[in-house]
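Visitor: I should like to go through this model by question and answer. Please show the sequence and the structure before we begin.

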Amino acid sequence: MQINRRQILGGAAASAASLSFPALVQAKAASAHVVVVGGGFGGATAARYLRQFAPHIQVTLVEPAERFYTCPFSNLYLAGLRSWDSIGHDYDGLRKAGVNVVHARADNVLGDAKRVLLSNGQALSYDKLVLSPGIDMRWNALEGYDEAASQLAPHAWKAGAQTQLLKKQLQAMPDGGKFVMVIPANPFRCPPGPYERAAMVAHYFKQHKPKSKILLLDDKDAFSKQGLFMQGWKALYGDMIEWVKQADDGKVTHVDAKNLEVESSFGTKHKADVLNVIPPQKAGFIADRAGVTDASGWVPIKPENFESTRVKDVYVLGDATIAAPMPKSGFAANTQGKVAAAAIAAELTGQPLPAAAFANTCYSLIGTDYGISVAGVYRSTAGKLIEVPDSGGVSPMDGNAAFRKAEADYGAAWYKAISADIWGG
């Protein structure tokens with residue numbers, strides 16, 4: 001499994017690195033401008049690797065935040081195992097790599113004119129546009145849950161002020177209180193994320209509020225790494241965590257954020273001391289403005305290069321895309337960014353399109369020395385993304401304590417390595 005993943009991760013880079021750039025091609029590339037919107041796992045990767053694969057291409061990254069806080073490892077912040085600063089990254093490394101970074105919001109895309117309109121009044125012309133817009137919440141898709149309600153019952157599904165608010169609420173909750181999490185149906189950002197969050201909140205409670213309980217109300221009957229999570233919850237936290245699946249009345253239909261109460265499809269009401277509502281999601285709003293979303297609210301792409309199927313010369317990465325069987329994860333966005341960068345570099349320099357290959361590994365922490373993972377390798381074949389048979393899998397159910405600790409250590413090492421790969425100098 002490890003060998004296949006390494007081969008795939010190196011595939012796009014090796015293909016792009018082999019591109020040759022004669023003088024005429026260099027001159028053509030020097031006049032080309034690629035605009036990248038979104039400085040997270042997908043966009044920042046694409047910007048950096050475009051500069052690496054084709055140094056003569058001009059690359060501008062548009063990102064409103066001067067410091068990007070990652071959703072991966074934000075659950076560890078809730079548990080008290082990570083500081084807030086440790087999950088934040090600036091853009092100095094990308095500037096050193098030759099990327100022009102503009103801290104503004106992309107407000108609109110004029111596809112016919114190939115221009116991006118920014119909140120600071122700038123209009124950027126492009127030859128190729130890369131969008132990595134992340135997600136937006138579908139406000140009111142869950143009755144009673146709008147943006148105002150999120151200030152009382154935070155979603156914390158974008159790392160930032162919402163994450164800090166949820167932590168403050170957990171710290172203020174009395175011992176013996178109840179933490180209720182509402183979990184949406186698929187698809188949504190980071191499929192294992194809610195279940196890792198439950199574990200990390202349980203870790204915090206075990207240390208500081210041991211009489212407290214956690215209730216998970218889920219609009220699904222199964223979830224990623226389910227057996228491993230439930231085994232770990234039981235081993236470390238006993239009966240502190242209760243998961244209610246959709247068929248057993250886990251689907252929440254109404255939220256009363258003011259009273260911290262939710263109602264399920266069977267009419268059952270649950271009162272919380274801290275209420276964490278993760279609502280249904282969609283692609284970030286600039287994807288809709290660019291005309292690349294379909295009726296689902298997500299973005300269909302060409303699997304060989306992640307170009308939009310709806311608008312030429314616009315590429316879309318990460319959580320915003322319809323890219324199943326690839327999950328909506330940071331690692332997936334990172335590999336998608338490398339493939340798209342290689343494809344754009346090849347097209348702008350008149351080279352053959354490199355073969356598209358992708359990988360994903362998602363580590364989840366259940367306790368300080370208890371990690372689990374799921375991995376997969378993917379290829380573009382006959383216009384479809386497929387998972388390569390026998391290339392991935394999940395941690396074994398019979399892993400011993402040393403194995404679980406190793407997985408926890410691997411997760412920390414992965415975060416350090418991918419952060420350096422994307423934002424490092």
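Guide: The following exchange concerns a predicted model and treats its strands, cores, salt bridges and one open sheet.

Visitor: In strand S9, which residues point the other way from Lys128 and Val130?

Guide: In a regular strand, side chains alternate between the two faces of the sheet. Strand S9 covers residues 128-131, and its residues are all buried. Lys128 and Val130 point one way, and the other way point Leu129 and Leu131.

Visitor: Which residue is the bridge partner of Val34 in S9?

Guide: Strand S1 (residues 33-37) is paired with S9 in the parallel sense, over four bridges. Within S9, Val34 has as its bridge partner Lys128.

Visitor: Which residue in S20 stands opposite Leu131?

Guide: S9 also runs parallel to strand S20 (residues 314-316), to which three bridges join it. Opposite Leu131 in S20 stands Val316.

Visitor: Which helix gives the most to the largest nonpolar core?

Guide: The largest nonpolar core holds 115 residues, of which Leu216 and Trp233 touch the most other members. A contribution of 10 residues, the most to this core, comes from residues 330-348, that is, helix H10. Apart from this core lies another of 16 residues, including Leu142 and Val255. The helix asked for is H10.

Visitor: Which tryptophan does Trp233 touch?

Guide: Residues up to four places away in sequence are not counted here. The contacts of Trp233 include Tyr195, Leu216, Phe223 and Ile366. Also among them is the tryptophan in question, Trp243.

Visitor: Is Asp313 buried or exposed?

Guide: Asp313 forms a salt bridge with Lys312, with the closest N and O atoms 4.0 Å apart. Lys312 is exposed, because its relative accessible area of 60% lies over the 50% limit. For Asp313 the relative accessible area is 7%, under the 20% limit, so Asp313 counts as buried.

Visitor: Which residues are linked with Lys312 and Asp313 in a network of salt bridges?

Guide: The model has a count of 14 salt bridges. The network that contains Lys312 and Asp313 also links Lys114, Lys128 and Glu347.

Visitor: Why does Asp92 count as partly exposed?

Guide: Asp92 and Arg95 lie three residues apart in helix H5 (residues 92-96), about one turn of the helix. Their side chains meet in a salt bridge of 3.7 Å, N to O. Arg95 counts as partly exposed at 36% relative accessibility. Asp92 is partly exposed because a value between 20% and 50% is classed in this way, and its relative accessible area is 41%.

Visitor: How many residues apart are Lys338 and Asp421?

Guide: Lys338, which is buried at a relative accessible area of 12%, forms a salt bridge with Asp421, the closest N and O atoms being 3.2 Å apart. The pair links distant parts of the chain, with Lys338 in helix H10 and Asp421 in helix H11 (residues 401-423). Their separation in residues is 83.

Visitor: In the open sheet of four strands, which are the edge strands?

Guide: This sheet has parallel pairing and the order S13-S12-S11-S17. Four bridges join strand S12 (residues 213-218) to S13, and Leu215 has Glu242 as its bridge partner there. Pairing on one side only marks the edge strands, S13 and S17.

Visitor: What angle does the direction of helix H7 make with that of S12?

Guide: Helix H7 (residues 193-208) packs on the sheet and touches S11, S12, S13 and S17. With the direction of S12, that of H7 makes an angle of about 170°.

Terms used. Residues are numbered from 1 along each chain as its sequence is written. This is a predicted model: local features need pLDDT of at least 70, side-chain atom pairs count only at pLDDT 80 or more; totals for chains, interfaces and linings use all residues. Side-chain values use heavy atoms; hydrogens and water are left out. Buried means under 20% relative accessible area, exposed over 50%, partly exposed in between (1.4 Å probe, protein chains only). Helices (H or I, at least four residues) and strands (E, at least two) are DSSP runs, numbered from the N terminus. Two strands pair if DSSP finds at least two bridges between them. A nonpolar core is a set of buried Ala, Val, Leu, Ile, Met, Phe, Trp, Tyr and Cys residues joined through side-chain atoms within 4.5 Å. Contact means heavy atoms within 4.5 Å. Axes are lines fitted to C-alpha atoms, for helices over the stretch in contact, and angles run from 0 to 180 degrees between N-to-C directions.
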